[in-house]
Every structure is written in structure tokens, then in C-alpha cells.
Amino acid sequence: MGFRAQRCGQTTTMRILASFMPPTSGRATIAGFDVFEQSLQARAHLGYMPENVPLYSDMRVTEYLRYRAALKGVQHRRVTERVGDVKELCGLKSVENKLIGALSKGYRQRVGLADALLAEPDLLILDEPTIGLDPNQIRQVRELIKNLGDQHTILLSTHILPEVEMTCSRVIIIHKGRIEACDTPENLLGKIRQAGGVVLEAKVGKDNGADELKKISGVREVITDGQDDWKRFSLRVESGVDVREEVFRLATERHWSLRELSQRRATLEDVFVEITHSDAV
Amino acid sequence: MRKFYTLLSREVRGYFHSPIAYIVLIFFLIVSGIDFYFQVSFMNQRQVQYTVQEAFFNSVFFWFAFVLIFPLITMRLFAEEFKLGTIEPLTTVPVRDWQVVLAKFFGALVFYVILWIPTLLYFAIFLKVTNEPAAHSAGAYAGSYLMLLLLGMFYLSIGCLTSVLTRNQIIAAIISFCAITLLFFLGLVQFILLDVSSETRDLLGYFSAIEHMGTFSRGVIDTRPIVLYVSMTIVMLTLTHQAFQSRKWRL
């Protein structure tokens, strides 16, 4: 599950679920336990990684994880095993005896993730798990999250939309504190009006390319770019229609030189823009 | 219980991971060492009615160092966690708020006790050098250290309360220093305000830490101060617990 929101309460939502803040209205339950009334039981089913991952900088990685395991009520004889497992999983073996204060941002992030995983919780809540990481670290953390998705329910918030497409099976879009959409990424992509389109780059000579292209059935709108001989057309088409073959036929008929003809897939970014924009207007 | 012990050991180790612990230890040993030296050399020069041990625990030097250490020990307890945000992972694991509060209080108390252990050496050295005990009886030692523990509990719990109220360690230290100093000098008011009635003076006398220490260091174990300090500690810790829980509504 994923969140996309901007200063409209995703951290607040997560903090409420983690029993860090009380809800001002309504209620939330984790594994059947109310996060406010039965906070202790709810917390026992939860692995939470807060935004910016606050950690004790004076502790060593293994020491910290053992401490957290004990607090989370991991059975005494299983602590060593669990700590070893999460260190393995999050790639912390090489820094296990380092002070947390001396770790890079990426490693701190992984310590936070390892901590969240310690008690094998039913629900993992990750607030901006990849913020502040370099591209390689982002890829590693994403891969890790994706693999974890098999065994845990994961609720994560992010501002990076390709990340959602890559890792999440359900998306909630929150805008101005309201849930605007909640569905699988595929369904969301299918729902929006401009379900992708076709991009075409051609030398059309004296022809008015846009008018010709508009005649093709299924094409709704054509946007023309480019000053020189090579023109770039962006075609918005009805969803489920592939007009590329028609475009090619037209080009050969008219003797246009073609140097690009491709289909552009709609992204969650389009979904987000459409949903939040229509709301703003 | 295991969670409480885990939190407690983290607190105690936290002290020794930070330079503040060592600075407080050194500062305290220097001042109390000078105190001890002065008392002994003073007694070498003239005839007095009290013992070395009594003098040690009742001198101005002693009280000066004494009121200063509590803000230093307690200021970081909660304020640092709030400042660094580590309060968030701490309170989102299944531990109860009172476990956190008690662990922090007892962590501070353990450090405070560790602070006092070296002073036992002074008396041991005195005995070895002079072949004379520094006090009349073992009860005098027991009384002094019991009073130290009682006062320590009370003042540390005040420090806990001020630390939970703010995320700024300096503010926590200043407030607890003022509160502890005021409480401490409350007992001295009877010597300053001469026009107050004798009842008021007696009443203030009950709160006088200096008087309590005077009694206990002679080996007289009075139950009234014990009840006073233990109950006040419980009150302060209850308030700390309440204030700690209120964080949820103040965010």
C-alpha cells in the first residue's frame, strides 16, 4: 500500500496508526486492536519506521538492535537469531559494530528498517523510507521492501511516484487531508481520461500534420512541437485504442519521413496530476 | 520486568556514553575531596565538638556541590529524547509510559549512587592514616548515606519533571536548579526571617534538608523525613508520568 501526499497529513496518519498521536476523531485498528484504547496490543503487531529515522547515536548497531528486540518483547533465546536475521536482510553485517552516530544516511535508514522488522510484525509502517538516499541505496531499499511485501503488509508513504509503481500493490492518494483515490496502480491508470498516448516525430513537408492525424479515429487531440522540418506530435487517444498502425499507414501514404513512433504509457504522475488538479479547479 | 530492566540498563549506559557523566563525576570528586581536606585540616588546628564525617556532610562546600549535580544528571533524561525525536521509536514499541518514566528515574538514581561510592574511600583512607574512625558509629555512616539517598530521590524526581516539560536541556536544567535551590533554602528561612512566629519557623524546619542531614549524620534515624521524601518523590514521579502522557495532546 502506498501514500502520496504533500503536507496534508501522511506523517500524521502514520503516527496515529503507530499510537504516537491520538486521532482527533474516528478510530483506527491494527489486527483488531484499537490504536488508542488497546494501544499496547496494537503496537505489538506493528513495525514502525518514523520519518528521518531517529536513532540513539551513542549505541552500536548490534547493541541497538538487541535493545530494541528486548523492548519489543522478542523472546530472550530468539534475540540473537532475530538480530542476525535482520542484519543479514538489511545488509548491516559490515557495520554491525559501528556507532550509529558514525553511519551514513543510507545505513541509518537500513538500521531503522531492520528495527521495524525485528519482531516480525504483521504490519510495517514506513514513513518516507527512501528519502535522502543515493540512487543505488534507493534501489536496494526498494528491492528489500518489495521482497518483504510477500510476508508483511506494508504501508509506506513516499513522494516518488515511480517508487509506488514499482513496489506497491495498492495506492491511496491523499490531497488536502482527503482520500482522493484508493485502488491498485493498474486500475488507477485505467481510470484516468488520458490513458497514455502516442508520440510521433516526422518530417511532414507542406502538409498540416496535426489536421491529418486528427482524422484518425480514436485520436482526441494533437499537440505539435518543433520549429524546423522535424515536427513532434503528441497524440492523446481514447483508452484501449492503439493508433500506431494507422499513423504509420498515414505516414507512408503522405510520404512523411518518420524518425520516432512510440506509445507513451500513462504514469501515476498523470493520475496524481489529474486527481489533484481537478480538485483545485 | 524485562522491558523495564532493558530500559534501565540503556539509561545507565547512556550516562557513561556521554562526556557529561565523566565531567559531573570529576567535578563532584574535586569539590567533595577539597571539602574533606578542609574539614580535616580545620580539625587539626582546633578542638571541635563534631566528627569528621559530620563535618563533611554539613559543610557549605558539600551543599554547594550537592544542589548543582541534580540538574546536570536529570536535564537530558526526557528533553534529549524529545529533541532528537528518539521519543517516537521509544513510545511506538509495546512499553508502558510508567516503565519509561521509572526507568529514567532509576537510571538517574543509579548514576547518583555511583557518584557517591568513591566518597566511602575518604573515610577508609582517614581510618588507615589516623587509625581513628571518622565517625562515632556505623549508624552515623548509615544515616548520612540514607539521607543522601532520600534527598537524591526527591531532587532527581524534580529533575525528571522539569526535563519532561521541555525539549530544551538547558531550560530543564535551569528550572530544576531553581526549584531545588528554593526548596533547599526553604529550611534556612527560619534563620533569616526573625519576625515570623515560632509555629511558622517550626513548620519550615520540617522541610529543612540541612536540619535533616544534621540529624541523620549524627546517626539519628528520624522517620518523618523518610516519609516526607519518599512521598514527595512519588508525587513528583506521578506528575512526571502525567506530563509524559500529555505529550500526545501537545504535539
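Let's start where the two chains meet: 21 residues of chain A are in contact with 20 residues of chain B. Keep in mind that this is a predicted model. Which helices of chain A each supply at least two residues of the side that touches chain B? They are α2 (39-44) and α3 (61-71), so look for those when you turn the structure to face the partner chain. As for what that side is made of, 14 of its residues are nonpolar, three are polar and four are charged.

Now step back and take in chain A as a whole. You can pick out 11 helices and 12 strands in it. Its radius of gyration is 25 Å, while the globule rule gives 19 Å for 281 residues; the value for chain A is well over that, so the chain is more spread out than a compact globule. The overall dimensions are there to look at too: along its principal axes, the C-alpha trace of chain A spans about 80 × 45 × 30 Å.

Next, the domains. The domain assignment splits out domain 1 (2-169) and domain 2 (193-265) in chain A. How many Å apart do the C-alpha centres of these two domains lie? The answer is 47 Å.

Finally, peek inside the chain. Of the 281 residues in chain A, 35% are buried. You can also ask which parts of the sequence meet each other. Take the contacts in chain A with a separation of 6 or more: 65% of them are between residues 24 or more positions apart.

Definitions and conventions: Residues are numbered from 1 along each chain as its sequence is written. Chains are lettered from A and ligands numbered from 1 in the order in which they are written. This is a predicted model: local features need pLDDT of at least 70, side-chain atom pairs count only at pLDDT 80 or more; totals for chains, interfaces and linings use all residues. Domain bounds come from an automatic or database domain assignment. Two residues are in contact if their C-beta atoms, placed from the backbone, lie within 7 Å. Helices (H or I, at least four residues) and strands (E, at least two) are DSSP runs, numbered from the N terminus. Ala, Val, Leu, Ile, Met, Phe, Trp, Tyr, Cys and Pro count as nonpolar, Asp, Glu, Lys and Arg as charged, and the others, Gly among them, as polar. The radius of gyration is taken over C-alpha atoms; the globule rule is 2.2 Å times the number of residues to the power 0.38. A residue is buried if 20 or more other C-beta atoms lie within 10 Å of its own, exposed if 12 or fewer, and partly exposed in between; C-beta atoms are placed from the backbone.
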